[in-house]
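Visitor: I'm new to this one, so could you pick a single part and take me through it slowly? I'd love a close look at the aromatic rings and whatever sits around them.

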Amino acid sequence: MKKLILVLALLFISTSSKAENNPKNSKDIKDIKDPKEQTNDFLKIHLKLSGQNKQDKSETECDMCGCYMGIEPNFSKNQVGLRYYTFKFFSPADPETAAETQTDNTGLPNQVNHEEHSSSTEYYNNVELYGRIYISPKMRVIFGIPFKFNKIDNKELNGMGDMRVLGQYQVYNTNITGKTVYWQRVFLGGGLKLPTGVYNKQLVYGITEPHFQPGTGSLDLIVNGLYMGKLEKLGIGWRNDIAYTFTTTNKNEYQFANRFNAATTFSYDLNVSSLTMLPHAGLYYETANSDKLNGKSAAGSGGNVLFVTSGVDFYYKLLSLDVIYELPISENLYDAQPENRYRLYLGLGYSF
């Protein structure tokens with residue numbers, strides 16, 4: 001598995017010279033788009049190559065960092081919108097376990113009673129207000145403010161999540177001419193995940209373990225990179241995202257593990273009258289070591305998972321609708337953890 005991680009990392013980094021919300025491993029990069037055209041001549045050339053005013057964006061929302069995949073025509077504009085995403089986990093029945101002991105985020109053991117032979121289903125749902133604001137043609141600020149609705153079997157926990165604020169700077173952009181076949185752009189950036197979410201809410205019964213909380217209670221640093229390329233005449237796009245999150249310890253002496261996320265996706269432009277459709281597909285990978293409680297490894301955390309992703313984005317004038325579906329094709333979770341079943345992302349945006 002170490003070789004797989006190394007190969008993926010080298011792939012995404014080499015293409016640039018080139019990814020808050022897996023509750024188990026963690027994911028968050030989701031809104032990264034291209035800067036404004038700088039001259040009228042550039043715009044005329046671009047229109048000639050593409051056949052319309054078609055510009056490029058790709059997005060990805062990794063889990064805790066917020067990755068979101070897609071490509072859109074309005075990359076040069078500011079944008080605000082709402083996103084909904086849900087992750088489903090499932091634990092098969094264990095006939096040998098009628099009750100299990102867990103440790104909550106205060107470090108005290110708690111007993112959770114299950115019916116013998118019972119299974120368990122977990123849903124982590126998020127509604128997020130997001131925005132992208134250009135400070136200059138090469139510099140943009142991206143933010144996300146989530147509200148979470150988590151459900152494990154019959155237990156529910158809702159509340160404000162952790163806000164993310166990222167800045168990204170374009171460090172390379174191909175000079176497009178009439179002979180340009182393949183153009184590339186490279187962005188580098190970083191930001192913070194702020195401890196705005198609630199992380200000490202209690203259930204009426206049972207325990208409230210850290211991953212079930214809407215927030216983490218920690219201030220985390222996120223660094224990321226983005227590489228985009230496109231065969232403009234063919235309408236084929238390629239995007240690679242990488243992100244790494246450095247976490248800190250919260251007031252409960254609990255530290256979620258540092259996380260690495262990487263995504264690669266291919267897209268194709270389809271135009272029907274004034275409607276633009278961008279189907280896309282690719283791979284998403286995330287990995288994290290075990291969390292720590294009082295400086296020691298916490299059971300039931302950490303691992304790695306590889307997803308296959310597919311979706312389609314619709315664009316009509318200044319409005320956009322994005323749909324993404326992810327299925328795990330390989331996973332290695334430490335200790336006893338619920339299995340990933342699927343992830344679904346829906347986004348509605350307005351550009352201005």
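Guide: Happy to. The count of aromatic pairs comes to 13, and keep in mind that this is a predicted model. One aromatic cluster is a good place to stop: Tyr 85, Phe 87 and Tyr 345 make it up.

Now look at what surrounds those rings. Tyr 85, Phe 87 and Tyr 345 also belong to the largest nonpolar core, which has nine residues. Their companions there are Phe 89, Tyr 124, Ile 152, Leu 157, Phe 212 and Ile 324. Strand β5, covering residues 79–91, gives the most to this core, with three residues. Elsewhere there's a second, separate core of five residues, and Ile 242, Phe 260, Ala 262 and Tyr 285 are among them.

Back to Phe 87, as there's a charge to find. Arg 343 lies over the face of the Phe 87 ring, 4.5 Å from its centre. Arg 343 has another partner too: its side chain meets that of Glu 286 in a salt bridge, at 2.8 Å from N to O. That pair links distant parts of the chain, with Glu 286 in strand β18 (residues 275–288) and Arg 343 in strand β23 (residues 339–351), 57 residues apart. Buried or exposed, you may wonder, are Glu 286 and Arg 343? Both are buried.

A second arginine does something of the kind with a tyrosine. Arg 83 lies over the face of Tyr 130, at 3.7 Å from the ring centre. To see what else Arg 83 takes part in, follow the salt bridges, of which the whole structure has eight. Take Arg 164 and Glu 128: they form one, and their closest N and O atoms are 2.3 Å apart. Arg 164 sits in strand β11 (residues 164–173) and Glu 128 in strand β8 (residues 120–136), so this pair ties together parts that are 36 residues apart in sequence. Arg 164 and Glu 128 are both buried.

For a contrast, try Glu 339 and Arg 341, whose side chains meet in a salt bridge at 3.5 Å, N to O. Here Glu 339 is partly exposed, with a relative accessible area of 31%, and Arg 341 is partly exposed as well, at 35%. And here's where Arg 83 comes back in: salt bridges that share partners join Arg 83, Glu 128 and Arg 164 into one network.

Finally, step back to the whole chain. You'll find two helices and 23 strands in it, and 52% of its 352 residues count as buried.

Key:
Residues numbered from 1 in each chain as written. Predicted model: local features only at pLDDT ≥ 70, side-chain atom pairs only at ≥ 80, totals over all residues. Heavy atoms only, no water. Helix = DSSP H or I, 4+ residues; strand = E, 2+ residues; numbered from the N terminus. Buried < 20%, exposed > 50% of the residue type's maximum accessible area, 1.4 Å probe, protein only. Phe/Tyr/Trp six-rings, centres within 6.5 Å; stacked < 30°, edge-to-face > 60°. Lys NZ or Arg CZ within 6 Å of the ring centre and 35° of its normal. Core = buried A, V, L, I, M, F, W, Y, C linked by side-chain atoms within 4.5 Å. Salt bridge = Lys/Arg side-chain N within 4 Å of Asp/Glu carboxyl O.
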